[in-house]
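Thanks for joining. Let me put the structure up, and then we'll go through it piece by piece.

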Amino acid sequence: MARVLAVANQKGGVAKTTSVASLGAALSELGRRVLLVDLDPQACLTFSLGLDPDTLELSVHDVLLGRLPPGIVIRSTPDGSDLLPATIELAGCEAILLSRTGREHALRLALGEIAAEYDFVLVDCPPSLGVLTINGLTAADEVVIPLQCETLSHRGVGQLLDTVADVQRLTNPRLRVRGVLPTLFDGRTAHSRAVVLDVETRYQVTILDPPIARSVRFAEAPGLGRSILTTAGRSKGAEAYRAHAREIAGGGGGGGTDGAAKPSAGTQATGRGASRGRAGGEGEAGGAPRSAPRLATPASVQAVPSEAVMPAVVTPAAVMPGAAVSGAV
């Protein structure tokens, strides 16, 4: 049976689609049979993999409404994975599902028909906490939460974890949080490292290592209809996704089965993984220094000595825009 991973975050622009496409290509490189599911009405994953959503006659919309079996709709992609594509019609699908009994299980039931044909199914959830995202979480064994390493991006992590807890209680008790994947990470700045540290301590979730460095190569790949593993296969971002794919394929990593993932031991993004390099080539941000920064409250304008003891939990005021950050690079 296929192992299903949902990639979810209700905030847009955090690299959900990039992560699904890149992980799918990396797992395919490892010889795994991979199906990607585009649950976003914007169909960005579909477009990123070389298909034109405006010309597709069949999509996941037809599958969720029970009109067609998934095998008829699935398309192959140049990067080796298969795709259950989306079109704008998916926006109307959510309204139709709202009136149906068992609406949360539509995707799970559909995937059950083809689960034996794949090793992994990766679901690109839309930037919302609506019926489509609930379908993705209900069908999944694990959820990965991409996190843009900026202050405003992490505000929705708690809401998503609450939704995961509801799904575990009501529709999918086997769902677990694999962890938070730092994306658009710039290890040269104290701010990126401080945001990752604050998320880990505030929500007690695993930080998946290594972080995904900010790079222009990610923006270039969709225009070619391929993933970064094909367009810039030797870049730091491509290698980071390969590392995560190896961990997924090996069955390692991730948090606890109750959804409240335990912090990783020494592999957080502010530690070992982020400190491997300095500012690198190909337009990418380098790794972080070995010393992890602390978020300072607005009153803490002066620099905090490096030997000061780090607080266990950072206060909410610490992550407001304009707050001073100690240890800035």
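**Starting from the central strands**

L35 in β2 stands opposite V121 in β5. Keep that pair in view. Bear in mind that this is a predicted model.

Now stay with L35 and look at β4. There, L35 stands opposite D82. The strands β2 and β4, the latter covering residues 82–84, run parallel and are joined by 3 bridges. With β5, strand β2 also pairs in the parallel sense, over 5 bridges.

How buried is β2? It is mostly covered, with 5 of its 5 residues buried. V34, L36 and D38 point one way, while L35 and V37 point the other way. All of these are buried.

Next, β5, residues 120–124. It pairs with β1, residues 3–7, in the parallel sense over 5 bridges. Here V121 turns up again, as the bridge partner of V4.

Let's zoom out to the sheet. A reminder on the chemistry: strands of a sheet pair through backbone hydrogen bonds, either parallel or antiparallel. In this model, 7 strands form an open sheet with mixed pairing. The order is β3-β4-β2-β5-β1-β6-β7. Which strands stand at the edges? They are β3, at 75–76, and β7, at 176–183. Each has a single partner strand, so one side of each is left without a neighbour in the sheet.

What lies across the sheet? Helix α1, residues 16–29, lies across β1, β2, β5, β6 and β7. Relative to β5, α1 runs at about 165°.

One loop residue deserves a stop. D119 lies in the loop between α6, residues 106–112, and β5. Buried or exposed? D119 is partly exposed, because its relative accessible area is 25%, and buried would need under 20%. Leaving out residues up to four places away in sequence, D119 touches M1, A2, R3, R32 and R33. The C-alpha atoms of D119 and L35 are 8.3 Å apart, yet these residues are separated by 84 residues along the chain.

**Helix packing**

Two packed helices are described by the angle between their axes and the distance between the axes. Take α5, residues 90–97, and α7, residues 131–139. Their axes come within 9 Å and cross at roughly 80°. That makes α5 roughly perpendicular to α7.

Who meets whom? L90, E94 and L97 come from α5, and V131, L132 and N135 from α7. By type, the contact divides into 4 nonpolar, 1 polar and 1 charged.

How enclosed is α7? 9 of the 9 residues of α7 are buried, so the helix is largely enclosed by the rest of the structure. Among the buried ones are I134, G136 and L137.

**The aromatic pair**

How many aromatic pairs does the structure hold? Just 1. The ring centres of F218 and Y241 are 6.0 Å apart and the planes stand at 85°, so the pair is edge-to-face. F218 sits in α10, residues 216–220, and Y241 in α12, residues 236–249, so the pair ties together parts that are 23 residues apart in sequence. F218 and Y241 are both buried.

**Whole-chain numbers**

To finish, the totals. The chain has 329 residues, and 55% of them are buried. Its secondary structure comes to 12 helices and 7 strands. Now take contacts between residues at least 6 apart in sequence: 79% of these join residues at least 24 apart.

Note on methods: Residues are numbered from 1 along each chain as its sequence is written. This is a predicted model: local features need pLDDT of at least 70, side-chain atom pairs count only at pLDDT 80 or more; totals for chains, interfaces and linings use all residues. Side-chain values use heavy atoms; hydrogens and water are left out. Axes are lines fitted to C-alpha atoms, for helices over the stretch in contact, and angles run from 0 to 180 degrees between N-to-C directions. Helices (H or I, at least four residues) and strands (E, at least two) are DSSP runs, numbered from the N terminus. Angles under 35 degrees count as roughly parallel, over 145 as roughly antiparallel, 65 to 115 as roughly perpendicular and the rest as oblique. Contact means heavy atoms within 4.5 Å. Ala, Val, Leu, Ile, Met, Phe, Trp, Tyr, Cys and Pro count as nonpolar, Asp, Glu, Lys and Arg as charged, and the others, Gly among them, as polar. Rings of Phe, Tyr and Trp (its six-membered ring) pair if their centres lie within 6.5 Å; planes under 30 degrees apart count as stacked, over 60 as edge-to-face and the rest as tilted. Buried means under 20% relative accessible area, exposed over 50%, partly exposed in between (1.4 Å probe, protein chains only). Two strands pair if DSSP finds at least two bridges between them.
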